[in-house]
Amino acid sequence: MARSEARPVVTLRSTAGTGQSYVTRKSRRNTPDRLVLRKFDPVVGQHVPFREEH
């Protein structure tokens with residue numbers, strides 16, 4: 001089964017400036033804007049917003 005272009009792999013980068021990142025997949029149809037998720041940043045030791053980067 002081929003990978004779909006409708007669900008690309010995106011990198012989420014920490015807004016705390018630590019360089020920490022997560023990799024996930026998102027639906028372009030349901031979420032056309034940049035994805036922002038609140039995830040744990042181990043460098044800071046707390047949950048911070050992670051934004052999608054291109």
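**View 1. The hairpin of β3 and β4, with Gly45 at its turn-side residues.** In this predicted model, the hairpin of β3 and β4 has 4 residues between the strands, and Gly45 takes a positive phi near 85°. Strand β3 covers residues 36–41 and pairs with β4 in the antiparallel sense over 6 bridges. To follow the pairing, start at Asp41, which stands opposite Gln46 in β4. Then look for Leu37, whose opposite residue in β4 is Phe50.

**View 2. The open sheet and its strand order.** Here 4 strands form an open sheet, and reading across gives the order β2-β1-β4-β3 with antiparallel pairing. Which strands stand at the edges? They are β2 and β3, each with a single partner strand, so one side of each is left without a neighbour in the sheet. Neighbouring strands of this sheet are turned by 40° against each other on average, direction ignored. Away from those edges, β1 and β4 pair in the antiparallel sense over 4 bridges. Two handy landmarks help with this pairing: Ser14 has Phe50 in β4 as its bridge partner, and Thr11 stands opposite Glu53 in β4.

**View 3. The aromatic pair of Tyr22 and Phe50.** If you enjoy ring geometry, this is the view to linger on. A pair of aromatic rings is described by the distance of the centres and the angle of the planes. The structure holds 1 aromatic pair. In that pair, Tyr22 and Phe50 meet edge-to-face, with 5.1 Å centre to centre and 70° between the planes. Tyr22 belongs to strand β2 (residues 21–25) and Phe50 to strand β4 (residues 46–53), so the pair ties together parts that are 28 residues apart in sequence. Are the two partners buried or exposed? Phe50 is buried, with a relative accessible area of 0%, whereas Tyr22 counts as partly exposed at 28% relative accessibility.

**View 4. Lys39 over the ring of Tyr22.** Stay with Tyr22 for a moment and look at the face of its ring. Lys39 lies over that face, at 4.6 Å from the ring centre. Tyr22 therefore appears in two arrangements worth checking by eye: the edge-to-face pair with Phe50 and the placement of Lys39 over its face.

**View 5. Glu52 and its surroundings in β4.** Glu52 has its place in strand β4. With 4% relative accessibility, Glu52 counts as buried, because the cut-off for that label is under 20%. What joins the side chains of Glu52 and Lys26? A polar contact of 2.9 Å does. Leaving aside neighbours within four places in sequence, Glu52 is in contact with Val10, Thr11, Leu12, Lys26, Asp33, Arg34 and Leu35. Thr11 in this list also turns up in View 2, where Thr11 stands opposite Glu53 in β4.

**View 6. Glu5, in the segment before β1.** For contrast with the previous view, pick out another glutamate: Glu5 lies in the segment before β1 (9–14). Glu5 is exposed, with a relative accessible area of 62%, whereas Glu52 is buried. How many ångströms separate the C-alpha atoms of Glu5 and Val43? The separation is 33 Å, for two residues that are 38 residues apart along the chain.

Definitions and conventions: Residues numbered from 1 in each chain as written. Predicted model: local features only at pLDDT ≥ 70, side-chain atom pairs only at ≥ 80, totals over all residues. Heavy atoms only, no water. Phe/Tyr/Trp six-rings, centres within 6.5 Å; stacked < 30°, edge-to-face > 60°. Buried < 20%, exposed > 50% of the residue type's maximum accessible area, 1.4 Å probe, protein only. Lys NZ or Arg CZ within 6 Å of the ring centre and 35° of its normal. Pairing = 2+ DSSP bridges. Axes fitted to C-alpha atoms, helices over the stretch in contact; angles between N-to-C directions. Polar contact = N/O pair within 3.5 Å; in protein donor to acceptor, adjacent residues only side chain to side chain. Contact = heavy atoms within 4.5 Å.
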